[in-house]
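Biologist: I am new to this structure and would like a close look at a single part of it. Please go through that part first and then set it in its surroundings.

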Amino acid sequence: MVAKRSLMRRILVVDLPMVLILTFALGPYIWMFITSITPQSQLFTTGPSIASATIEHYVRLFRTVGFFNNMVHSFIVAGGTVVVGLTVSVTAAYAFSRFRFPGRRFLLLQFLVINMFPIVLLILPLFVLFRILGLLDTHFALIIANSTIAIPFSVWMMTSYMNGIPKSLDEAAMTDGCSRLGALWRVVLPLCVPGIIATGIYIFITAWNEYLYALTLGGRNVRTITVAVQTLIGEYEVEWGLLTAGGIVGALPATILFLLVQRRLISGLTRGAVKG
Amino acid sequence: MSPHDKTPPRKGRGGFALGRRVLPLALLSPAVLVTVSIIFVPMLQTAWMSLHEYVLFRPNAITFIGLENFAAALTDEVFWISLWHTVIWIALTVPAQMVLGLVTALILNQAFPWRPVARALIIVPWALPSVVIALMWVWLYDPNYGILNDFLLRLGLISRSVPWLADPDTALYAIILTLTWQGFPFFAVMILAALQSIPQSYYEAAAIDGASRWQQFWHITLPGISGVLVTAVLLRTIWVANSIDVIFVMTGGGPGYATYTLPLYAFIKARSNLDFGYGSALAVIFTLLLMAIVIIYLRQTAKAIER
């Protein structure tokens, strides 16, 4: 009897509110999905429904609108940003985590502060700069622009991750005759692989989702998926089936990656935030 | 430092000491050089542009005008409108995200069978691209076919469809709701992590002493998460203040100036009017205002790095 009552209580106090919050959190996304599989003819008469599901909008998205190309561009930009962000930040993170040197605190804080600067502060000069260099509308420009977000972030993330690997390990390696760099390469780096993957995926998602840089520094040749989605809104104003299909496709890679690594990612992010 | 660092392996003593001093700097230099050249130099350039009359389609007419752009901003009505909207924007969005995030975290901290699923799914809004978020909320808010109007009409809460984003009185608040939706999972996961670090024994001891649920929350939970709460609020404030992509896609600042915030105004000035001088000045003003919050945040964090 008591058990039954506490179960009822749990459902009322925990499950029910959780369902409500999840409805709020996922409702818009699910609604977007349902809209995207509703036939165009039905959309403005009976409204979105799953009764006569169709993939017509998705077919059109890839056949006529050319969404595949946009995905390739996004993939190149996001992949490039991951490579740049990780290469530059791994050694820096090692230095922050293993050495105490004058200026360490200042430099570490500097990487934190960079992440807080408004994007408008950087977007204007980068546009002028790339225009002078003739690099507007290239993958390179977008990779550099996204790196302004990725590098500071991954330095922090990797530093926090490496702090979790005992120093005694690299010291043992060095007593066995490894150089500092040898210890980094042979001992610390292999242990960091999970952290590197999580950081890399986070950079990928951020770069994939990025919009303002892509809009300003990209153009006709390099049009990423986010810009393509936004262009759809302008061009196919009321064709909500097509628009929502574009939204689903644009969000899919990032969402899947995120759900795959969310556990590790969140623990990394919160650890960084809790400890500073 | 451990004793191993003092015993020089193979190399001479002097070389090792030098290496120990130079090596960290060498390891840092790629990151530092890259950030200096793609972040700090451009930032200085923004400051430089803000002191000039700099319109992109008149590249030969770049003239130094001192602080005139800043003086112009102070008498610019749109500047004050945008600033006011930025204040409303932060003051409503961040607390809304926090309260919703706190409630979510408290529920997620209870034991129930499908907790792992709920915890994974709650993050979804946070992982979506801003453009997609903007797109789907525009669809929800659609005055003719949007589900929100449909829903509210059926409940009888409104008598006819409201053009949420086209009405200057509701547009800003409609976007604030969107941003609350996007940001509350961040609070939820951060607060949840803090909740889980509070030892269960505290609650047990309090329960033995006869503390009510509410007293436990007030005297154990809240102090236990206060540090994280402050950090999260500061981080979110900075982030919410900066985020202009959702507004830009949803309304582009309109109708009229109804959804202009300061960074958006700077962006539109440069993008549409190609007035990079004035746009830069607005960006600089906004950054200086934001720095106040950043500095408070840094004070919090600097202590943590010290260790």
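Is B:Pro30 buried, exposed or partly exposed, and how many other C-beta atoms lie within 10 Å?

Modeller: This is a predicted model, and the answer below should be read as such. B:Pro30 is partly exposed, because 16 other C-beta atoms lie within 10 Å, while a buried residue would need 20 or more and an exposed one would have 12 or fewer. The residue sits in helix α1 of chain B. Leaving out neighbours within four places in sequence, B:Pro30 is in contact with two residues of the other chain, A:Val88 and A:Thr91. Within its own chain, B:Phe57 comes 27 residues away in sequence, and the C-alpha atoms of B:Pro30 and B:Phe57 are 36 Å apart.

The helix that holds B:Pro30 also matters for the wider contact between the chains. That contact takes 73 residues from chain B and 80 residues from chain A. On the chain B side, helix α1 (residues 13-50) gives the most, with 16 residues. By type, the residues of chain B that touch chain A divide into 57 nonpolar, 14 polar and 2 charged. For the model as a whole, the scores are ipTM 0.86 and pTM 0.85.

Across the contact, the place to look is helix α4 of chain A, which covers residues 67-98. There is a kink of about 30° in α4(A), centred on A:Ser89. The end-to-end span still agrees with expectation: at 1.5 Å a residue its 32 residues should span 46 Å, and the end C-alpha atoms are 46 Å apart. Helix α9 (residues 180-209) of chain A gives another result. A straight helix of 30 residues would span 44 Å, but α9 spans only 37 Å between its end C-alpha atoms. α9(A) bends by about 55° at A:Val193, and a proline, A:Pro194, follows within four residues.

Now the two chains in turn, starting with the one that holds B:Pro30. Chain B has 13 helices and 2 strands. Its radius of gyration is 25 Å, well over the 19 Å that the globule rule gives for 307 residues, so chain B is more spread out than a compact globule. Its C-alpha atoms fill a box of roughly 75 × 70 × 30 Å along the principal axes. Buried residues make up 40% of the 307 residues of chain B. Of the contacts in chain B with a separation of 6 or more, 69% are between residues 24 or more positions apart.

Chain A has 12 helices and 0 strands. Its radius of gyration is 23 Å, where a compact globule of 276 residues would have a value near 19 Å. The C-alpha trace of chain A spans about 75 × 75 × 30 Å along its principal axes. Of its 276 residues, 48% count as buried. Residues 24 or more positions apart account for 76% of the contacts in chain A with a separation of 6 or more.

Two residues of chain A can be set beside B:Pro30. A:Val227 lies in helix α11 (residues 225-235) of chain A, and it counts as buried because it has 24 C-beta neighbours inside 10 Å. Not counting residues up to four places away in sequence, A:Val227 touches A:Tyr211, A:Ala214, A:Leu215 and A:Gly218. A:Asp137 is found in the loop between α6 (119-133) and α7 (139-163) of chain A. With 15 other C-beta atoms within 10 Å, A:Asp137 is partly exposed. Its phi is near 65°, a positive value in a residue other than glycine. Most residues other than glycine have a negative phi.

Last, the confidence. The mean pLDDT of chain B is 83, and 92% of its residues reach 70 or more. Among the elements of chain B, helix α3 (residues 77-108) has the highest mean pLDDT, 92, and strand β2 (residues 63-64) the lowest, 78. Over residues 1-14 of chain B the pLDDT stays under 50, and the model has 9 contacts beyond four places in sequence for them. Chain A averages a pLDDT of 84, with 94% of the residues scoring at least 70. Over residues 272-276 of chain A the pLDDT is below 50, and this stretch has 14 contacts beyond near neighbours in sequence. Where pLDDT is low, the predicted coordinates should not be read in detail.

Conventions:
Residues numbered from 1 in each chain as written. Chains lettered and ligands numbered in written order. Predicted model: local features only at pLDDT ≥ 70, side-chain atom pairs only at ≥ 80, totals over all residues. Expected span 1.5 Å × (residues − 1). Bend = angle between axes of the 7 residues up to and from the residue. Rg over C-alpha atoms; globule rule 2.2 N^0.38 Å. Contact = placed C-beta atoms within 7 Å. Nonpolar A, V, L, I, M, F, W, Y, C, P; charged D, E, K, R; others polar. pLDDT = per-residue confidence, 0-100.
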